[in-house]
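Trainee: I would like to learn how to read a model of this kind, feature by feature. Where should we begin?

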Amino acid sequence: MPSLEEELFPSTPGKFKDRTHTMNRQFQRCFSSTTTMFLWALFLIALTASYLSFQSFVDSGSRFFSSSWGGIQWERQVRTSGQPRRPNGFSVLVTGAAGFVGTHVSLALKKRGDGVVGLDNFNNYYDPLLKKDRKALLNSHNIFIVEGDVNDARMLAKLFDIVAFSHVMHLAAQAGVRYAMENPHSYVHSNIAGLVTLLEACKSASPQPAIVWASSSSVYGLNDKVPFSESDQTDRPASLYAATKKAGEEITHTYNHIYGLSITGLRFFTVYGPWGRPDMAYFSFTRNILQGKPITIYRGKNKVDLARDFTYIDDIVKGCIGSLDTSGKSTGSGGKKRGPAMYRIFNLGNTSPVTVPMMVGILEKHLKTKAKKNFVEMPGNGDVPFTNANISFARRELGYKPTTQLEAGLKKFVRWYLSYYGYNHGKPV
């Protein structure tokens with residue numbers, strides 16, 4: 001007698017099969033297969049999520065342990081460096097402290113007894129080794145340099161938490177007119193985004209610091225009225241670099257107006273001197289002359305020589321210090337303005353423009369070597385034919401008075417250059 005199982009699921013051909021039950025069985029198999037796939041999918045998703053979480057943890061830990069800032073020892077160094085040594089001295093955060101102007105300003109502040117904490121990202125726009133050597137010089141004068149980017153809001157907040165900075169000297173920026181055509185985004189990142197990040201930190205700080213920052217004579221752009229005055233219109237920039245500096249002036253005015261930050265902008269005119277920037281003409285000319293390589297001298301239309309208001313670094317430092325000393329206090333608290341605060345812009349120049357060929361002649365004299373000159377018409381790369389500063393406002397308000405003319409300044413620069421790069425009477429050691 002056939003069993004019930006054999007009746008329902010016969011294995012012999014020709015016997016009756018219940019199709020409804022067969023369909024139910026297929027559905028069960030399908031459902032079982034789908035459930036298995038679903039469970040596998042959940043497992044894979046969970047596994048992926050676990051891996052990503054672990055990777056995030058590893059990355060966070062890696063960033064923590066490899067970070068160039070943070071920790072008890074780091075905080076102690078920041079606090080000590082920012083402590084003033086003279087009565088009523090300033091505590092100053094100097095951004096771009098390993099840069100040309102930043103190094104000299106930091107040393108001057110420290111020398112007179114102010115507390116100084118430096119900040120620099122040591123980018124490779126020009127030889128980072130020169131910046132590292134500047135850092136070593138600053139360290140030898142007990143000035144601590146934080147390695148970090150001004151766009152790092154967390155780091156800035158930490159610095160303001162450790163030191164109640166009375167002033168900020170903001171010199172960090174992407175410099176250079178011609179390089180803006182190669183890497184425009186670096187100018188937006190440093191000169192605009194970085195400035196806003198710093199201003200945000202300053203407006204939220206308690207107390208709010210007074211701010212002095214580096215604008216540029218490049219904002220005068222295509223102006224042809226000379227000398228350039230702070231009251232002149234600056235709405236025709238000739239380069240992206242100039243445009244970012246002009247944008248910086250508008251941005252700082254906004255933060256002054258809304259948040260009561262005391263802000264002074266400084267329009268530097270062709271700064272030169274020891275520890276200078278290798279991308280500047282006087283610096284690269286010196287290198288090429290010593291190496292017997294030709295130098296390219298640009299000329300304007302109709303073979304008119306370009307002229308620059310060359311300003312020696314010591315005179316620029318005097319203007320920076322004077323700006324800090326007269327800056328007045330910010331009037332905000334907790335991001336809210338209690339009253340109007342000081343807002344100023346000054347030209348810092350030498351008032352005595354010198355043509356580029358004349359500058360080369362001075363270098364030849366001090367290097368005791370003739371330059372191989374190639375004269376080329378100025379390309380449309382953002383350079384302007386001349387600069388000339390009206391400094392009457394800075395003279396009146398800051399007591400600013402430049403004292404070093406180009407002949408004496410280049411002599412000091414050449415002496416430093418030969419010593420730093422190991423030359424003896426123009427010959428490499």
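Mentor: Begin with burial. A residue is called buried when its relative accessible area is under 20%, exposed when that area is over 50%, and partly exposed in between. This is a predicted model, and buried residues make up 48% of its 429 residues.

Trainee: How many helices and strands are there in the protein?

Mentor: The protein has 13 helices and 17 strands. Of the contacts with a separation of 6 or more, 81% are between residues 24 or more positions apart.

Trainee: What is the mean pLDDT of the protein?

Mentor: pLDDT is the predictor's confidence in each residue, from 0 to 100. The mean here is 87, and 83% of the residues reach 70 or more. Residues 1-27 have pLDDT below 50, and that stretch has seven contacts in the model beyond near neighbours in sequence. Residues 47-66 also have pLDDT below 50, with zero contacts beyond near neighbours in sequence.

Trainee: Let us turn to a helix. Which residues of H11 are buried?

Mentor: An α-helix has 3.6 residues a turn, so residues three or four places apart point the same way. In H11 the buried residues are Val-356, Met-359, Val-360, Ile-362, Leu-363, Glu-364, His-366 and Leu-367. Helix H11 covers residues 356-367, twelve in number, and spans 16 Å from its first C-alpha to its last, close to the 16 Å expected at 1.5 Å a residue.

Trainee: What do the buried residues of H11 pack against?

Mentor: They pack against two helices, H9 (281-290) and H13 (406-420), and against strands E8 (294-299), E14 (354-355) and E15 (372-377). Just after H11, Lys-368 takes a positive phi of about 55°.

Trainee: Glu-364 is among the buried residues of H11. With which residue does Glu-364 form a salt bridge?

Mentor: The partner is Lys-370, with the closest N and O atoms 3.9 Å apart. A salt bridge requires a side-chain nitrogen of Lys or Arg within 4 Å of a carboxyl oxygen of Asp or Glu, so this pair is counted. Glu-364 has 10% relative accessibility and counts as buried, whereas Lys-370 is exposed at 67%.

Trainee: How many salt bridges does the count come to?

Mentor: The count comes to 17 salt bridges. One of them joins the side chains of Asp-114 and Arg-86, at 2.8 Å from N to O. Asp-114 is in the loop between helix H4 (100-111) and strand E2 (115-120), and Arg-86 is in the loop between helix H3 (72-81) and strand E1 (91-95), so the pair ties together parts that are 28 residues apart in sequence. Asp-114 is buried, with a relative accessible area of 0%, and Arg-86 is partly exposed at 26%.

Trainee: Which residues are linked with Arg-86 in a network of salt bridges?

Mentor: Arg-86 is linked with Arg-112, Asp-114 and Asp-325 in a network of salt bridges. Within it, Asp-325 pairs with Arg-112, the closest N and O atoms being 2.7 Å apart. Asp-325 is in helix H10 (residues 313-325) and Arg-112 in the loop between H4 and E2, so this pair ties together parts that are 213 residues apart in sequence. Both are partly exposed: Asp-325 has a relative accessible area of 40% and Arg-112 has 27%.

Trainee: Now a charged residue without a salt bridge. How far from Arg-134 is the nearest side chain of opposite charge?

Mentor: That side chain belongs to Asp-120 and is 6.7 Å away; Arg-134 is buried yet has no salt bridge. Arg-134 is found in helix H5 (residues 128-140). Its side chain reaches the backbone oxygen of Trp-275 at 2.8 Å. Beyond four places in sequence, Arg-134 touches several residues, including Phe-100, Tyr-126, Trp-275 and Arg-277.

Trainee: Two aromatic residues to finish, Phe-122 and Phe-375. Is Phe-122 buried or exposed?

Mentor: Phe-122 counts as buried, at 9% relative accessibility. It lies in the loop between E2 and H5, and its contacts beyond four places in sequence include Ala-98, Lys-132 and Ile-145. The C-alpha atoms of Phe-122 and Lys-132 are separated by 7.7 Å, with their positions ten residues apart along the chain.

Trainee: Where is Phe-375 found, and which residues does Phe-375 touch?

Mentor: Phe-375 is found in strand E15. Leaving out residues up to four places away in sequence, Phe-375 touches Ile-297, Arg-299 and Pro-357. Phe-375 is partly exposed, with a relative accessible area of 38%.

How values were computed: Residues numbered from 1 in each chain as written. Predicted model: local features only at pLDDT ≥ 70, side-chain atom pairs only at ≥ 80, totals over all residues. Heavy atoms only, no water. Helix = DSSP H or I, 4+ residues; strand = E, 2+ residues; numbered from the N terminus. Buried < 20%, exposed > 50% of the residue type's maximum accessible area, 1.4 Å probe, protein only. Lys, Arg positive; Asp, Glu negative; His and termini not counted. Polar contact = N/O pair within 3.5 Å; in protein donor to acceptor, adjacent residues only side chain to side chain. Contact = heavy atoms within 4.5 Å. Expected span 1.5 Å × (residues − 1).
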